[in-house]
Amino acid sequence: MKIRVYYEDTDTGGVVYHSNYLNFCERARSEAFYARGITPVLKNGHFVARRVIGDFFISAKLGDMLEVRSELLKMKAASFILKQYIYRDEVKIFELEIVLAYITFEGKPQKIDATTKELLLSLFTK
């Protein structure tokens, strides 16, 4: 997914504020669902971040065009691990590993059903 860096994404020096890289990755995950005509909130539940590890390599700046790429690393019974990369041109500037847990609308963990597993595989594998 392509993302342009706007003034609202930056600090006073025109450098992307660190927390916005998480927002860019979240948008890319959500957009993967929207591109299929569905929302990230599924009929039986939704995913929440359980653990996030980010590595910053090079700063993005005002006006940059970025690309977020996502890759499914591991599927577990009630969660999955996704690796996301942000590139400017072909230079990796940020990397995120996130564990997303599947929960009910009441906030309780639940197993990922076969249909949802197939969906996730189709969204985040090459």
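How much volume does the largest pocket have? About 190 Å³. Keep in mind that this is a predicted model, and with that said, here is what the pocket and the rest of the chain look like.

**The pocket**

The lining of the largest pocket is made of 14 residues, and E26, R29, P40, F47 and L100 are the ones closest to its centre. Three elements each give two or more residues to that lining: helix α1 (20–34), strand β2 (46–56) and helix α2 (114–124). In terms of chemistry, the lining splits into 10 nonpolar residues, two polar ones and two charged ones. If you want to place a probe or a small fragment in your viewer, those five central residues, E26, R29, P40, F47 and L100, mark the middle of the pocket.

**The chain as a whole**

Now zoom out. The protein chain has two helices and five strands. Reading from the N terminus, the order is β-α-β-β-β-β-α. The C-alpha trace spans about 45 × 30 × 25 Å along its principal axes. What radius of gyration does the chain have, next to that of a compact globule? The chain comes out at 15 Å, and a compact globule of 126 residues would be near 14 Å, so the two agree.

As for burial, 42% of the 126 residues are buried. The chain exposes about 7400 Å², and 53% of that area comes from carbon and sulfur atoms. Contacts reach a long way along the sequence too: of those between residues at least 6 apart, 64% join residues at least 24 apart.

**Four residues side by side**

A few residues are handy for getting your bearings. Here is a C-alpha pair for each of four of them.

| Residue | Location | Partner | Sequence separation | C-alpha distance |
|---|---|---|---|---|
| V5 | loop between β1 and α1 | L62 | 57 residues | 5.3 Å |
| G13 | loop between β1 (2–4) and α1 | L62 | 49 residues | 8.9 Å |
| I58 | loop between β2 and β3 (65–75) | Y87 | 29 residues | 9.7 Å |
| V99 | strand β5 | P109 | 10 residues | 13 Å |

**The loop after β1**

V5 and G13 both sit in the loop between β1 and α1. Are they buried or exposed? V5 has a relative accessibility of 1%, so it counts as buried. G13, at a relative accessible area of 62%, is exposed, because the cut-off for that label is over 50%. L62 serves as the partner for both in the table, with its C-alpha 5.3 Å from that of V5 and 8.9 Å from that of G13.

Which residues does V5 touch, once those up to four places away in sequence are set aside? The list is T10, V16, A60, K61, L62, G63, D64 and L66. So L62 turns up again here, as a contact of V5.

**I58 and V99**

I58, in the loop between β2 and β3, is partly exposed: its relative accessible area is 38%, which falls between the 20% and 50% cut-offs. Beyond its neighbours within four places in sequence, I58 is in contact with Y21, R88, V91, K92 and I93.

V99 belongs to strand β5 and is buried, with a relative accessible area of 5%. Its contacts, again leaving out neighbours within four places in sequence, are V48, A49, R50, R51, S79, F80 and I81.

**An unusual backbone angle**

One last stop is D89, in the loop between β4 (79–88) and β5 (91–103). Most residues other than glycine have a negative phi. D89 goes the other way: it is not a glycine, yet its phi is positive, at about 60°. Is D89 buried or exposed? D89 is exposed, since its relative accessible area is 63% and the label needs over 50%.

Note on methods. Residues are numbered from 1 along each chain as its sequence is written. This is a predicted model: local features need pLDDT of at least 70, side-chain atom pairs count only at pLDDT 80 or more; totals for chains, interfaces and linings use all residues. Side-chain values use heavy atoms; hydrogens and water are left out. On a 1 Å grid over the protein atoms alone, a cavity is a set of points where a 1.4 Å probe fits but cannot get out, and a pocket is an open set with protein on both sides within 12 Å along at least five of seven lines; lining residues have an atom within 4 Å of a point. Grid points are joined across faces, edges and corners, and a volume is the space filled by probe spheres set on the points. Helices (H or I, at least four residues) and strands (E, at least two) are DSSP runs, numbered from the N terminus. Ala, Val, Leu, Ile, Met, Phe, Trp, Tyr, Cys and Pro count as nonpolar, Asp, Glu, Lys and Arg as charged, and the others, Gly among them, as polar. The radius of gyration is taken over C-alpha atoms; the globule rule is 2.2 Å times the number of residues to the power 0.38. Buried means under 20% relative accessible area, exposed over 50%, partly exposed in between (1.4 Å probe, protein chains only). Contact means heavy atoms within 4.5 Å. Accessible areas come from the Shrake-Rupley method with a 1.4 Å probe; for residues, only the protein chains shown count as cover.
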